[in-house]
Amino acid sequence: MFSSSAPIQRPQSLREQTYQVLRASILSGELGAGSRLVEAQIAEKLQVSRTPIREALQQLQKEQLIVTDKNGNLRVISFSPEDARHLYRCRLALEQESVLEACQYATTEQLAKLELIIHQAEKAITQKNNQLTSYQLLHIDYQFHRVIAECSGNPWLALLLDQLFDKMALLRIQTIQQNLQVLEIRTEHHQIFAAIAQRNSEQALTAIRNHLTASQNRVILELERFILNSPLQK
């Protein structure tokens with residue numbers, strides 16, 4: 001738990017630093033879905049009092065990254081296949097608008113940034129035996145979709161997607177840890193980028209729909225396999 005985290009530095013806000021450490025541990029998968037969060041254990045690990053920990057946990061609850069189970073314990077949120085379907089429906093609605101506006105408003109610099117992200121994904125995928133590959137690819141995927149939202153010129157759209165991406169990160173880190181192929185960010189991203197670069201809104205819509213539908217199917221399949229193989233199901 002928190003294997004990569006250094007003790008909290010006192011000169012800065014303890015509450016904010018505690019929140020950031022916990023949030024990063026959750027979104028990276030270091031604290032896995034369903035992991036129990038115990039104030040005393042966190043306090044010992046991070047070397048801080050329980051007050052900033054309690055405040056940080058309250059903030060994470062507001063963001064719905066952690067939840068209270070039936071016994072009153074705090075745990076990292078776990079997603080069901082039905083949760084995945086709901087999240088992807090929300091994401092598809094937002095990202096269709098994102099690519100439509102990107103086709104109209106994307107600048108030359110933004111298109112170059114998208115292309116660079118695609119090249120970064122290619123490079124990461126070719127790296128063998130890299131323990132960070134799964135998390136790197138997930139971050140690259142986020143960057144690609146985030147830049148498309150920036151291309152739209154709509155700051156509210158980008159904000160809504162940011163909030164949704166946190167939940168998607170949790171959902172997908174759980175599945176790509178089991179199967180890296182769940183995250184397809186080469187061919188599908190190329191197709192989306194090409195359509196935006198050509199200002200072809202019809203192709204862009206088709207590409208983003210195909211990408212998110214395929215991603216949803218891959219994620220749900222892995223979730224169903226995970227649930228089927230869970231000790232609780234045996």
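Mentor: Let's begin with three words we will need: a residue is buried when its relative accessible area is under 20%, exposed when it is over 50%, and partly exposed in between. Please keep in mind that this is a predicted model.

Trainee: Why is Arg 225 called partly exposed?

Mentor: Arg 225 has a relative accessibility of 41%. That value falls between the 20% and 50% limits, so the label is partly exposed.

Trainee: And what makes Glu 222 buried?

Mentor: The relative accessible area of Glu 222 is 8%, and a value under 20% counts as buried.

Trainee: How do you know that Glu 222 and Arg 225 form a salt bridge?

Mentor: The test asks for a side-chain nitrogen of Lys or Arg within 4 Å of a carboxyl oxygen of Asp or Glu. For Glu 222 and Arg 225 the N to O distance is 2.9 Å, so the pair passes. In general, side chains of opposite charge can pair when their charged atoms come close.

Trainee: How far apart in helix H9 are these two residues?

Mentor: They are three residues apart, which means a separation of about one helical turn. Elsewhere, a network arises from salt bridges with shared partners: Lys 113, Arg 146, Glu 150 and Asp 162 are joined in it.

Trainee: What makes Asp 162 and Arg 146 a salt bridge?

Mentor: Their side chains meet at 2.7 Å, N to O, and the limit is 4 Å. This pair links distant parts of the chain: Asp 162 belongs to helix H7 (residues 155-176) and Arg 146 to helix H6 (residues 133-151), with their positions 16 residues apart.

Trainee: Which labels do Asp 162 and Arg 146 get for accessibility?

Mentor: Asp 162, at 21%, is partly exposed, while Arg 146, at 18%, is buried. The 20% cut-off is what decides each label.

Trainee: Which parts of the chain does the salt bridge of Glu 188 and Arg 218 link?

Mentor: Glu 188 and Arg 218 meet at 3.1 Å, N to O. The bridge ties helix H8 (residues 187-197), home of Glu 188, to helix H9 (residues 201-229), home of Arg 218, and the two residues are 30 apart. Glu 188 counts as buried, because its relative accessibility is 12%. Over the whole structure, the search gives 14 salt bridges.

Trainee: How many disulfides are there?

Mentor: The count is zero. A disulfide needs two cysteine sulfur atoms within 2.5 Å. For Cys 151, the nearest cysteine sulfur is that of Cys 103, 9.6 Å away, and Cys 151 is in no disulfide. Cys 151 is buried at 2%, whereas Cys 90 is partly exposed at 44%.

Trainee: How do you know that the length of helix H5 agrees with what it should be?

Mentor: Helix H5 (residues 108-126) has 19 residues, and at 1.5 Å a residue they should span 27 Å; the end C-alpha atoms are 28 Å apart, which agrees.

Trainee: What puts the buried residues of H5 on the same side?

Mentor: The buried residues are Gln 110, Leu 111, Leu 114, Ile 117, Ile 118, Ala 121 and Ala 124. Around the axis they cover an arc of only 140 degrees, so they share one side of H5. On the other side, Thr 108, Glu 109, Lys 123 and Thr 126 are exposed.

Trainee: Why are the buried residues of H2 said to line one face?

Mentor: Those of helix H2 (residues 39-46) are Glu 39, Ile 42, Ala 43 and Leu 46. They fall within an arc of 100 degrees seen down the axis, and so they line one face. Their cover includes helix H1 (14-27), S1 and helix H3 (50-62).

Trainee: What makes Gln 47 stand out?

Mentor: Gln 47, in the loop between H2 and H3, is not a glycine, yet its phi is positive, near 60 degrees. Most residues other than glycine have a negative phi. Gln 64, in the loop between H3 and S2, also has a positive phi, of about 60 degrees.

Trainee: Finally, why are S1 and S2 called edge strands?

Mentor: The open, antiparallel sheet of three strands runs S1-S3-S2. Strands S1 (36-37) and S2 (66-68) each pair on one side only. S1 and S3 (residues 74-76) share two bridges, and two strands pair if there are at least two bridges between them.

Methods. Residues are numbered from 1 along each chain as its sequence is written. This is a predicted model: local features need pLDDT of at least 70, side-chain atom pairs count only at pLDDT 80 or more; totals for chains, interfaces and linings use all residues. Side-chain values use heavy atoms; hydrogens and water are left out. Helices (H or I, at least four residues) and strands (E, at least two) are DSSP runs, numbered from the N terminus. Buried means under 20% relative accessible area, exposed over 50%, partly exposed in between (1.4 Å probe, protein chains only). The expected span of a helix is 1.5 Å times one less than its number of residues. The arc is that of the directions from the helix axis to the C-beta atoms. Contact means heavy atoms within 4.5 Å.
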